Amino acid sequence: MATPGRSMVYSFLLFTVVLSLLEMNRGKLASSELFTILGGFISSLLFIVLLTFIGNFQESCGTRTGWGAVLLAETIALIAASTVHRVCITTCFLFSAGLLYEINKLSGMMLAKSESKTKRH
């Protein structure tokens, strides 16, 4: 498992790579309906990577991550999606909401698993 500092660096590098590829191919992504939906999905991946970066940064500073980090990451991802196409904003929001739900569910399962291990010992 990567430390918070290392994970923060990896997520920042991944954010810059995905954002630059999104901007380089924004003409292609705005050319058809299917590519516009794909642009929204790629922008939602920006949301997840940025949320990971912010969460690791706050953990390394000793502060608690909350809804502020989610709103900041979503705002930045929506701004990036708006540079591609207007429909990308909507699809980015919908994909981000779905991914956030799944990550929250996965986090709850991992927390329950770790709590059951500590109760056994």
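**Figure 1. Helices α3 and α4 pack at an angle of about 145°, with their axes 8 Å apart.** This is a predicted model, and the close-up takes in α3, which covers residues 33–61, together with α4, which covers residues 67–82. The crossing of α3 past α4 is right-handed. On the α3 side, the contact is made by S43, L46, F47, L50, L51, I54 and Q58. Facing them from α4 are A69, V70, L72, A73, E74, I76, A77, A80 and A81.

**Figure 2. The whole chain, for orientation: five helices and zero strands.** Read from the N terminus, the elements go α-α-α-α-α. The C-alpha trace spans about 60 × 25 × 25 Å along its principal axes. Of the 121 residues, 27% are buried. If you take the contacts with a separation of 6 or more, 65% of them come from residues 24 or more positions apart. As for the outside, the accessible surface comes to about 8200 Å², and carbon and sulfur atoms hold 69% of that surface.

**Figure 3. S7 sits in helix α1 and touches residues from elsewhere in the chain.** Helix α1 runs over residues 4–24, and S7 is part of it. Is S7 buried or exposed? S7 has a relative accessible area of 18%, and the cut-off for buried is under 20%, so S7 counts as buried. Leaving aside residues up to four places away in sequence, S7 touches A2, T52 and N56. For a sense of the fold here, look at G55: S7 and G55 are 48 residues apart along the chain, yet their C-alpha atoms are separated by 9.9 Å.

**Figure 4. A nonpolar patch on the surface, formed by I37, L38, F41, L45 and F95.** Taken together, these residues have about 370 Å² of accessible area. Which helix gives the patch its largest share? That would be α3, which supplies four residues. One of the patch members to pick out is I37, which has its place in helix α3. I37 has a relative accessible area of 39%, which makes I37 partly exposed.

**Figure 5. The salt bridge between R26 and E23.** Side chains of opposite charge can pair when their charged atoms come close. In this view, the side chains of R26 and E23 meet at 3.0 Å, N to O. How exposed is each partner, going by relative accessible area? R26 is partly exposed at 38%, and E23 is also partly exposed, with a value of 26%. The count for the protein comes to two salt bridges, and the next view turns to K105 and E102.

**Figure 6. The salt bridge between K105 and E102 in helix α5.** The side chains of K105 and E102 meet at 3.5 Å, N to O. How are the two partners placed along the helix? Helix α5 covers residues 86–120, and because K105 and E102 are three residues apart in that helix, about one helical turn separates them. K105 is partly exposed, with a relative accessible area of 40%. E102, at 41% relative accessibility, counts as partly exposed too.

Technical notes: Residues are numbered from 1 along each chain as its sequence is written. This is a predicted model: local features need pLDDT of at least 70, side-chain atom pairs count only at pLDDT 80 or more; totals for chains, interfaces and linings use all residues. Side-chain values use heavy atoms; hydrogens and water are left out. Helices (H or I, at least four residues) and strands (E, at least two) are DSSP runs, numbered from the N terminus. Buried means under 20% relative accessible area, exposed over 50%, partly exposed in between (1.4 Å probe, protein chains only). Contact means heavy atoms within 4.5 Å. Patches are made of residues with over 30% relative accessible area and no salt bridge: like charges are joined within 9 Å, nonpolar side chains (Val, Leu, Ile, Met, Phe, Trp, Tyr) within 5 Å. Accessible areas come from the Shrake-Rupley method with a 1.4 Å probe; for residues, only the protein chains shown count as cover. A salt bridge is a side-chain nitrogen of Lys or Arg within 4 Å of a carboxyl oxygen of Asp or Glu. Axes are lines fitted to C-alpha atoms, for helices over the stretch in contact, and angles run from 0 to 180 degrees between N-to-C directions. A crossing is left-handed if the near helix is turned anticlockwise from the far one by less than a right angle, and right-handed if clockwise.
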